[in-house]
Amino acid sequence: MYLYLSNAPRTLYLITDIHDEKNGRPRRALVFRAAEGSNQAIVEFLRADEVDSTNLIRLTSRIVKGCLGLIAVEQEIFLAVVTSATEVGNTRPSGSQPESIAKIHEVSFFSLSTSTWDDLSAATDGLLGPEIIDNSFRDGSQAQVLEHPCTPLTRIISTGSFYYAYDTPWDISSRLSVRLARATREPFSARDIGTFDERFVWNEYIIRSLLDFRSRLDEDERVDLDRCQFLILAIQGYVGVFTMGLPAPPTNGTPAVATLALVSRLGWKRAGTRFNTRGVDDDGNTANFVETETIFSTDQHCVSYVQVRGSVPLFWEQQGLQTFGQKIQITRPHASQPAFERHLLQLMEEYGAIHAVNLLGQKENEASLTNAYAHHLTRARHALGDDLGITHFDFHNQVRIGGHDSVMRELVRIESIKDHIDRFGFTMCDADTDEIVTEQKGIFRTNCLDCLDRTNFVQDILSRTTLDEYLSLVRREWRVSNTLWNHHRELWAENGDALSKLYAGTGALNTSYTRSGKRTLAGMLSDATKSVSRAYINNFQDKEKQVAIDMFLGNLSNQRQVTIFDPIHDSVRAALEQRLPEYSTTKQCTFLIGTWNVNGRPPTGESLHEWLFPPQSSVEPDMFVLGFQEIVPLTAQQIVQTDPEKRLAWERKLLDTLERRPHKKANYVLLRSEQLVGTALIILVKSELTAVIRNVEATTRKTGLRGMSGNKGAVGIRLEYHDTSFCFLTCHLAAGHANVEERHADYRTIAENLHFLRGKTIQSHQNIIWLGDLNYRIDMDYYTVKSLAEQDDFDTLLAADQLQQAMDSRQAFFGYEEGPVLFRPTYRYDYGTNTYDTSEKMRIPAWTDRILYRGGQLDLAVYSRAELMGSDHKPVFGIFRAEVRIIDPVKKAMVSRMLLESVVSTEPGELLADKLKEMTLPKTVGDLPPPSTDDAAWWNHPGT
């Protein structure tokens, strides 16, 4: 097929050609043009003879393999087309239909609205190989081709790591057992491109609108669209195929032809580079999650063996400058269990029994993860049962003791590993009938720190052991075939390199041993070089790559998905947003927000009860959000390398206070904490709420020395409580009575430059609360302020308050609110007293410690200070009541379906908007339908 252009209006055409027609594809055209609405395109599926070809211009000289979808970048919509791909091979030649796979080499993006980028898009044809594209992330090249808005996407997709079903449509995203079972249940679904495993289709975000368009076509049109292969569903990972001759029975002396394939499918739901993406998210998705399938096919059988790898499913990070001793931080140690169990439950529902193989060592850095992993898994077994187990195998220690050869020997001798290899088995089907003879009953989930080198080495062993078991049952002579095992080693070595490049930026370590079975000096030198390269790449080049990945997946907070112009569904979407209360509920919750500059002092024996449970409120808060400033002395040593021990000591003090409080009604756990030198933010929540608080992220922003130093700056933590988002920020702004402009500048730096993952900013949230030592002073002399404060003449003092003046003049914190200030200035006291500063400096008392907020769901009930003596500042607190929304996805789907059915049945002349507004949800919608079974599903009988 080729890509053509016509103008007035600008329209792109993907049209099959004579060559396609000879291969059984119909002569059709898929037509694209921009709609008037933002992020909307008009798409048509026409017969080729319905297109006026007289004024068409070919946009690219290359044969187009298909399109990956539509994406909006910089207010324009681009069509992504594959312009170069090569066939890797047929992974199952003995099957009833070929299952060939092609590797994508080049992708081009063409705008639907402007010709500005046409020459740049076409210029990439034939110029950008995978190595050039991959290196362009690193060399900072400013060549003209990099000026295209979609260049970051081109770099990601054109690295030779994306694959798609070639020649005939089939589901490359699903493993063999799933495809065979699906074909048995629904024979027509086997070649339906709308059926796939959405965990592994990387272009799902940009092709979703075209799949929706396809679903609205009538059946004959849909079949034709699939036969044309206009739409490509791509996986990322690795695919390798070897076809070989193996000894046959001595009947005619002709060797048997066998095919060995390896398919690794990298998950996209927590995608990213090595130090940008670790651990698990609240939905149970882990970083570097890969399903790897070994497929061995002969004229008699096809055998499939599946394994998975993935980051340790806890909330953990490695922050700061990464070299070779990366410090691991478990960020939510007491709130990981729901996400941990969600991840394992998803695996068990998908694969059956799970046996984890943890290859982390016992050194301090990795031991903390191993211990937390074991603890969480023990607790998970109580909920998920005995089909969940784990084996800890210290890979590095075993190599030190006996070399890499000993890993191969000792691993399969471990009783738990050996038993589960036998128990899980493999999937085997008859080559002629596709009938499943036996099915794999569980999987190994292997991990190390990065799930790369050690993991690949062990998965190779497990694959070889299982394949050897199959051969011992059917063709024992093949067990000693050098050809077969050489190919097997080569596939796993290539697999290790491919997955390592995606996550860490270099090829895998240990691949020289995987390929040859020997550890050589050249291999060791190669591994050392790769380690150095990884450290450089991960620290200085991966951030740009992470942004590109997030753009491709639609993860950036300011992205909007392209939709196909469809008045019916657009009306339903608009009506659905207006009827939010019909499929959601709200609940009240209470937050205690506190801030305290502790002047570098550790916790003392003084009780914090007055601050955490003030007499003005009798309700136990759902959440404590506590900011500290000067939690460590602001010395040069602390600024260069901050000691977390002071923060940990305050965390222990807080938890001890909560545990020992009288009339305790609930337990609290540490949800998340984060520190920037002396500024720290700590969030504690009721333990039963950890399952409904999701997507917790922390970040920092330095403002000291023009952003170079963390002695001043901000810490932010964002989260979603049910379906309502919150952003909490504690900050320490520039000191000094006269440095008002510096404080304004610090605020602007934080407000404009503090970012969370995937492009989320402070303003991305529904509710925002600032708490901290803002350092704004009172523009009066010491004795006047002291006298007025002692008289509680707050109005006179507030008239001279620098923060109030900044807010009124819109120079800082514009749009935020503060509660009535009905307490005395909180700074500066003689330590251990309620007496304002009597030192030689006689610092003017001020309300340096403040709480500001913005959000329609926030109601400030109490704003005051606590009379603690442990610092030269007094702690401030605010008690907020907030309304959080809880969306019921079942009700939402039912409302959407009801609205859509109503639109379809609208009478001629009837105003659609009026009809949608007047519709009411049936009273029965509040009751959940009965559980579905294999024989009956509630969605097939909505009236019952």
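This is a short dialogue on reading the cores, cysteines, strands and helices of a predicted model.

Me: Let's start inside. Which residues touch the most other members of the largest nonpolar core?

Reply: A nonpolar core is a set of buried residues joined through their side chains. Here the largest such core has 77 residues, and Phe-296 and Tyr-351 touch the most other members. Helix α12, residues 453–474, gives the most to this core: seven residues. Another core lies apart from it. That one has 76 residues, including Ile-631, Tyr-668, Val-696 and Tyr-863.

Me: What is Tyr-351 in contact with, leaving aside its neighbours within four places in sequence?

Reply: Look for heavy atoms within 4.5 Å. With those neighbours left out, Tyr-351 contacts Phe-200, Phe-289, Val-306, Val-308, Gly-442 and Ile-443, among others. Charged residue names appear too, including Arg-175, Arg-199, Glu-291 and Lys-441.

Me: Now the cysteines. How many disulfides does the structure hold?

Reply: A disulfide is a covalent bond between the sulfur atoms of two cysteines. This structure holds zero. Take Cys-429, which is in no disulfide. The nearest cysteine sulfur belongs to Cys-302 and is 4.8 Å away. The cut-off for a disulfide is 2.5 Å, so a pair at that distance does not count.

Me: Is Cys-429 buried or exposed?

Reply: Buried means under 20% relative accessible area. Cys-429 has 0%, so the residue is buried. Cys-67 also counts as buried, at 0% relative accessibility.

Me: Let's try a loop. Where is Glu-439 found?

Reply: Place a loop residue by the strands on either side. Glu-439 is in the loop between β19 (436–438) and β20 (442–447). With a relative accessible area of 38%, Glu-439 is partly exposed.

Me: What does Glu-439 touch, not counting residues up to four places away in sequence?

Reply: Check for contacts that are not local in sequence. Glu-439 touches Ser-177, Phe-424, Phe-426 and Thr-427. Its C-alpha atom is also separated by 7.4 Å from that of Gly-425, 14 residues apart along the chain.

Me: On to sheets. What order do the strands take in the open sheet of six strands?

Reply: Read an open sheet from one edge to the other. The order is β24-β25-β23-β22-β32-β31, with mixed pairing. β24 (668–676) and β31 (858–865) stand at the edges. Each has a single partner strand, so one side of each lacks a neighbour in the sheet. From one strand to the next, the twist averages 20°.

Me: How many bridges join β22 to β32?

Reply: Bridges tell you which strands pair. β22 (residues 584–597) and β32 (residues 876–887) run antiparallel, joined by 12 bridges. For one residue pair, start at Lys-587: its bridge partner in β32 is Val-884.

Me: Which strands does helix α20 lie across?

Reply: Find the strands first, then the angle. Helix α20, residues 645–660, lies across β22, β23 (623–629), β24 and β25 (679–686). The helix runs at about 155° to β24.

Me: Is Arg-647 in that helix buried or exposed?

Reply: Arg-647 sits in helix α20. Its relative accessibility is 9%, so Arg-647 counts as buried. Leaving aside neighbours within four places in sequence, its contacts include Gln-329, Ile-631, Ser-673, Glu-674 and Ile-682.

Me: One last strand. How many of the residues of β30 are buried?

Reply: Five of its six residues are buried, and the strand, residues 849–854, is mostly covered. β30 pairs with β29 (residues 767–773) in the antiparallel sense, over six bridges. Leu-771 has Ile-851 as its bridge partner in β30.

Notes: Residues numbered from 1 in each chain as written. Predicted model: local features only at pLDDT ≥ 70, side-chain atom pairs only at ≥ 80, totals over all residues. Heavy atoms only, no water. Core = buried A, V, L, I, M, F, W, Y, C linked by side-chain atoms within 4.5 Å. Buried < 20%, exposed > 50% of the residue type's maximum accessible area, 1.4 Å probe, protein only. Helix = DSSP H or I, 4+ residues; strand = E, 2+ residues; numbered from the N terminus. Pairing = 2+ DSSP bridges. Axes fitted to C-alpha atoms, helices over the stretch in contact; angles between N-to-C directions.
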